[in-house]
Structures are given as C-alpha cells and as structure tokens.
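Biologist: I am new to this structure. Please take me through one part of it closely, and then show me how other parts compare in kind.

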Amino acid sequence: MSFSRKWFIIILLTIFPFILLIILHYTTQQSIIRVYDLNRKYKRPLLKKVEYRNLDSVYDIKFFRGKIYSSNFHQIFTVNSSFRKIKNISNYSPIPIIGWGFTNNKLIVSLANTKTLFFVSNNGDYIPLVKLKTVVQKIYFCNDSLILISSLDSSYVHSIFYLYNLNTSRLIKLNISCSKMVGGGIVCDGSVILDKTKVIYYLYHLGKFYVFDLTNQNKIHVSTYQTIDRDNIPNGIIRFSKSGFRMDKKQTLLNLCGFYFDNYVFICSNAYNRNELKSSYYFNRYFLDAYDDSLFYYKFSYSIEKGDDLGNLIFLYIYNNKLYSIYLHKIVIYDI
Amino acid sequence: MIKVNINVRKYSLIYISFVRYLILLIFSYAFMVKLLNYKEFLVQLSESPIIPSSLTFFFSIFLLFIEFVVCVLTVTKLYRLGLLFSYSLMVFFTIYIYYLLHFSPYLPCACGGILGNIPYTIHLIFNLAITILIFLAILFDESLNFYL
C-alpha cells in the first residue's frame, strides 16, 4: 500500500515540472510577441526642432573637457558652437578614420582595414599604440578601456571582441564572438550606444544587444539580450535573394546610430511595417525606438524629420538634454 | 537470507548517503554561486524565454529559497523530503535545458559557476544523470515507504 503511494508521489513529482514548464511556455509566448511592437503603438509626437545649422564635412561630434571635436573621416579637428572648423588636431590620414575618442588625455584613433590602434601626438602624428592579430572594425571607449570589435574575415561576417586597458596596456580577447549572418546574408547594421561604464553593441535584424559592463577595471561582464522576434519583421525591410537576406536598397544607411538617454536606449530604426511603408507620413520620419536599459524591451518611439534637403542621417548625440542629429551637410538640434 | 537482506540494506544506506551528500554539494554550490553573483543571476534569468520579466525577481528568490531548503533538508532527519524536492527540481531543470535546446531561439542558462560554462548537451546529460541517481535513491530508501 505504502509502496504504491510512494510511486504515486514520484509520478506526481515527475509530472509537476512538466506542467509548470507548459504553463510558463504558454503564458510567456504572449509577452514575447509584445517585446518589439512593430505597429509602434506607443508613438510620441515629432520632436521639437530648436536649431538648424549647415555643416562642412562634419560626421560625428564628441564633447571633451569643454571643447567640441569632430571628424570628417580623414582628420580630427575642434569646432566652435556653430560646428565650424577651428583647428586641426590630427594630420590628414589617407586611410579613413573609423573610430576615435579621448581617454587618459590621449586621442585614440582606429583606421580602416588596419590591425593597429594609434594615438595622436601633440603635432598630429599617428603613433602606433597596440597591434592586434586581426583588422579592427569598430572601436568603443569605456572609461580607461577600449572595446574593440575585430573582424575575422574580410567580409566582416564573424566578429570577435577585445578589451584593451590603457593603464595596464593589457589586451584581453573576450570570450564572445558574433556572426552577423541571418539565413546566409550579412546583417550590416551594428549600432552602439555609449555610457561611461557600459557599451551597448546592437545588431538590429538579429534583434540582439551585447552589453559590456565595465564596472570593475579588471573584469568585464558581457550580457546578451534577444529582444526582437525576428519573424515579426515585415518583408519590406529585408528582401530575400539566393544569397540570403539583404537590406532593402531604399533603406540602407540607417540603424547605424543610437544614443543613451534617461535610462532608455534609443535606436534609429528603419523597421517599418507594411502600412508605414505605404504612408508618406512615416516615410518622412526617422523613428527612434526606445528600449529600457535593463531588459531591452521596446517601450516607445520618438520620431524626427527626414527631408530631402537634409541627406542621410549619420550620427546622433545627446548633450545638455538636446538631441544633435547630424545629417550629411546639416545638423539639426531637437529638444528631448 | 537475513545476511543478504542486511547487506542490501547496508549498501542501500551507503548509496542514499552518497546521493544525499552529492545533492548537498551540487545544490549548495549552485545556491552560493547564484547568491554571490545575484545580479548576474537575475540578468540571466531575465533572458529566459519562458519566465515572464515581471516574475523574474520572484523566480530568483523562489529558486534560491528552494535550493537552500533542499540543502538544509539533506543534512537533517528530513532528508527524505530533500530527496523528493531535489528530484522534482532536477526533473524541472532537465526538461528546461531540453526545452531551451529544442524550442528556444537562444540559450540563456542561469546556472552559475562551472555548470554555466559547460555545453548545453553535457549540461543536459549531467542533469539527467543526477535525476536518475536521486530517483534510484528514492526507490532504494525503504524507510520512505513507511514515511509516505
């Protein structure tokens, strides 16, 4: 009698986890679909434009110790408050500058298709700082350390991550890698948002965030978050070809920029649903999709202007509660 | 005949003690790793495809609590309850890993330490092996017949 009771308890204890898992599976399926709301139900009004200035070949802006710095891919220079060039900081580089930033009073530069990182001397020369085994694809600054995204191949499909500490000159290969491949095609829209101790690397169509948390100088914590149900991304965004997925030709130079503000991660998105693609209202705006900074769930969307006279949006920056959106030849400043 | 029975009982008790201390080792290790890296554990749990984000905190506390309870039970006279709890928990962890491997688009695992770093298939085999060991311990424990 007691033996059969024992079996009853064992069977019950075996079945219970299955029931629990099935309940969890069905309850969370609903919330997964809500993670990214492609219908943009939570749209907020168009941001208010406060200033509008013409630019001469400014591609990105960095604020460092009260000065504004900018680059035109070949040179780094200081600019005035109207974003006009004042003084060259680095000499002209025939190889495009793909990443630059200040740390420990040093201006660190990464040049395209090179395996070496440079710092800029007082007379503007590029002095080698560290040599890697692979080509540096992107470089991000995080306190006294640099997070380097390096490509294992010329097609930039497989990326590996390094951490370089400027104080100790230690180069650590991080135990992660990513493949920018979706069904055979390359996802070329990696994007990054910087915080003082955090770097958030974002692959849009893979729906993936990589968060590098550098709270301790000797230890970096890397978390990954899958946020977008990729099957929900409409066909208008990615077209299928024999070689796999490709970005729609009409929507190329986007998703490359983002920023971090007020505990939200903003990504400039080119994911429009079918109805939005038909409407000029949507087509004349860039959407800045906001995700919370803890679990990277989609929250709401801001939008900014997209005019023919502005050209492509290249870079977004937050400074003094203002959003600086840099287009090919113009800068538009919004209140946020 | 009586001697054979005594021997069987003796080996059963040795086996059950072995499983008790194995459970204690595994669960106390898992508990400590999760507790010491609680923030990391919370993040990993939040990545789980089947745990709603609103319940992440609750689940983390519940898991820690149940692991702690299992550890305490295995070293007390109530170790039989510890065996039953740990069996159910290991069944859940095993099917959860199986679920992640077969149904999840990505593989987040909230197991800390060594277990968090081993490949998922090995993790699954390890969990399955531990589950079977506990199951056998429950079967061999004759006193559990009276207990239940």
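Modeller: Keep in mind that this is a predicted model. Start at the surface. Ile11(A), Ile15(A), Ile19(A) and Ile23(A) make a nonpolar patch there of about 350 Å². Take Ile15(A) as one of them. Ile15(A) belongs to helix α1 of chain A, which covers residues 2–34. Its relative accessibility is 42%, so Ile15(A) counts as partly exposed.

Now turn to the rings. Over all chains, the structure holds 15 aromatic pairs. One of them joins Phe64(A) and Phe102(A). This pair is stacked, with 4.4 Å from centre to centre and 5° between the planes. Where do the two partners lie? Phe64(A) is in strand β3 of chain A, residues 60–64, and Phe102(A) is in strand β7 of chain A, residues 97–103. The pair therefore ties together parts that are 38 residues apart in sequence. Cover on the two partners can be stated too. Phe64(A) has a relative accessible area of 22%, so it is partly exposed. Phe102(A) has 17% relative accessibility and counts as buried, because the cut-off for buried is under 20%.

Chain B has an aromatic pair to set beside this. Phe58(B) and Phe59(B) meet edge-to-face, at 6.0 Å centre to centre and 90° between the planes. Phe59(B) counts as buried, at 13% relative accessibility.

Back in chain A, the stacked pair belongs to a cluster. Ring pairs link Phe64(A), Tyr69(A), Trp100(A) and Phe102(A). A charge joins the picture at Trp100(A): the charged end of Lys62(A) sits over that ring, 4.2 Å from its centre. A similar arrangement involves Phe77(A). There the charged end of Lys85(A) sits over the ring, 4.7 Å from its centre.

Stay with strand β7(A), the home of Phe102(A). Six of its seven residues are buried, so β7(A) is largely enclosed by the rest of the structure. Its partner is strand β8 of chain A, residues 106–111. The two strands run antiparallel and are joined by six bridges. Gly101(A) stands opposite Ile108(A) of β8(A). How many residues lie between β7(A) and β8(A) in their hairpin? There are two, and Asn104(A) in the turn has a positive phi of about 50°.

Another hairpin in chain A can be read in the same way. Strand β11 of chain A, residues 135–142, is mostly covered, with seven of its eight residues buried. β11(A) pairs with strand β12 of chain A, residues 145–151, in the antiparallel sense. Seven bridges hold that pairing. Lys138(A) stands opposite Ile149(A) in β12(A). Two residues lie between the strands of this hairpin, and Asn143(A) takes a positive phi near 55°.

Further along chain A comes strand β27, residues 313–319, which contains Tyr319(A). Tyr319(A) has a relative accessible area of 32%, so this residue is partly exposed. Phe261(A) is 58 residues from Tyr319(A) along the chain, yet 9.6 Å separates their C-alpha atoms.

Finish with chain B as a whole. Chain B has seven helices and zero strands. Its pattern along the sequence reads α-α-α-α-α-α-α. Of its 148 residues, 48% count as buried.

Conventions:
Residues are numbered from 1 along each chain as its sequence is written. Chains are lettered from A and ligands numbered from 1 in the order in which they are written. This is a predicted model: local features need pLDDT of at least 70, side-chain atom pairs count only at pLDDT 80 or more; totals for chains, interfaces and linings use all residues. Side-chain values use heavy atoms; hydrogens and water are left out. Patches are made of residues with over 30% relative accessible area and no salt bridge: like charges are joined within 9 Å, nonpolar side chains (Val, Leu, Ile, Met, Phe, Trp, Tyr) within 5 Å. Accessible areas come from the Shrake-Rupley method with a 1.4 Å probe; for residues, only the protein chains shown count as cover. A salt bridge is a side-chain nitrogen of Lys or Arg within 4 Å of a carboxyl oxygen of Asp or Glu. Helices (H or I, at least four residues) and strands (E, at least two) are DSSP runs, numbered from the N terminus. Buried means under 20% relative accessible area, exposed over 50%, partly exposed in between (1.4 Å probe, protein chains only). Rings of Phe, Tyr and Trp (its six-membered ring) pair if their centres lie within 6.5 Å; planes under 30 degrees apart count as stacked, over 60 as edge-to-face and the rest as tilted. A charge sits over a ring if NZ of Lys or CZ of Arg is within 6 Å of the ring centre and within 35 degrees of the ring normal. Two strands pair if DSSP finds at least two bridges between them.
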